[in-house]
Amino acid sequence: MGYALNFNLIWRHFDKLWGGLLLSLELAVISIAIGIVIGLVLAVWYVSAGRVVRAVIAAYVEFIRNVPLILLVYLVFYGLPTVVDIAYSAQTSFIATLSLYSGAYLVEVFRSGLEAVPRGQIDAGKAIGLTPWQRLIHVRLPTMLRITLPALSNTFISLFKDTSVASVISVPELTYGAQWINFNTFRIVEVYLVVTAMYLLTGYALLFGLRLVERRFRAAR
């Protein structure tokens, strides 16, 4: 007798998936917000500082980009507390890890955006007497934001999917909810079909909303 699909048990525990989806979105939003701060600060330092600072920032970026996210999660959650007298929850640990992870990628995004600002705009700022700090705030950053917005949108959607890695340290996000239901009902096909649909629909909804924001910024140029 073949396998018969039965979604009744999945709907009975759907609150686990819905709560997990909301937590996944929360983790992604907090992490991208912190990652933007990290990436922006380091990108500004990179384009304006000396060789030593650039080397340190480049080392951070290369380390994060070449180490799997799941390994970083293990290092921060299990490894760091064993060598440093520090304690934090699994959720806090994952947010810190994902923020550092996104920050490394956003350094390159923002650096490229800053270097892509037309020289004429910077020279115009100098001509009207703006200080370097004023040129950064009023000229370079607004232009850089419009340039990098598509990459920033893609990074956020990628981070939303990356929140699934939090399940390995028992953060109750969407994938963890699916694992819980599978363990308790043994309906592996049904639960992962539902979760796949939830990831797809949420991802497309985010993409649609972010594309609207991008078009609005382009219209305001």
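**Notebook: helix 8 and the nonpolar core**

I looked first at the start of helix 8, where Glu173 caps the N-terminal end through a side-chain oxygen that lies 2.9 Å from the backbone nitrogen of Thr175. The model is a predicted one, in which local features need pLDDT of at least 70 and side-chain atom pairs count only at pLDDT 80 or more, while totals for chains, interfaces and linings use all residues. Residues are numbered from 1 along each chain as its sequence is written, and side-chain values use heavy atoms, with hydrogens and water left out.

I then checked the length of helix 8 (helices are DSSP runs of H or I, at least four residues, numbered from the N terminus). Its 12 residues, 174-185, should span 16 Å at 1.5 Å a residue, and the end C-alpha atoms are 16 Å apart, which agrees; the expected span is 1.5 Å times one less than the number of residues.

I listed the buried residues of helix 8 (under 20% relative accessible area, 1.4 Å probe, protein chains only) as Leu174, Thr175, Gly177, Ala178, Ile181, Asn182 and Thr185. They cover an arc of only 155° around the axis, so they sit on the same side of helix 8; the arc is taken over directions from the helix axis to the C-beta atoms. After the helix I found Phe186, with a positive phi near 60°.

I turned next to the largest nonpolar core (buried Ala, Val, Leu, Ile, Met, Phe, Trp, Tyr and Cys joined through side-chain atoms within 4.5 Å), where, of 53 residues, Leu17, Phe94 and Val171 touch the most other members. Helix 5 gives the most to this core, with 11 residues.

Conventions. Helix = DSSP H or I, 4+ residues; strand = E, 2+ residues; numbered from the N terminus. Buried < 20%, exposed > 50% of the residue type's maximum accessible area, 1.4 Å probe, protein only. Polar contact = N/O pair within 3.5 Å; in protein donor to acceptor, adjacent residues only side chain to side chain.
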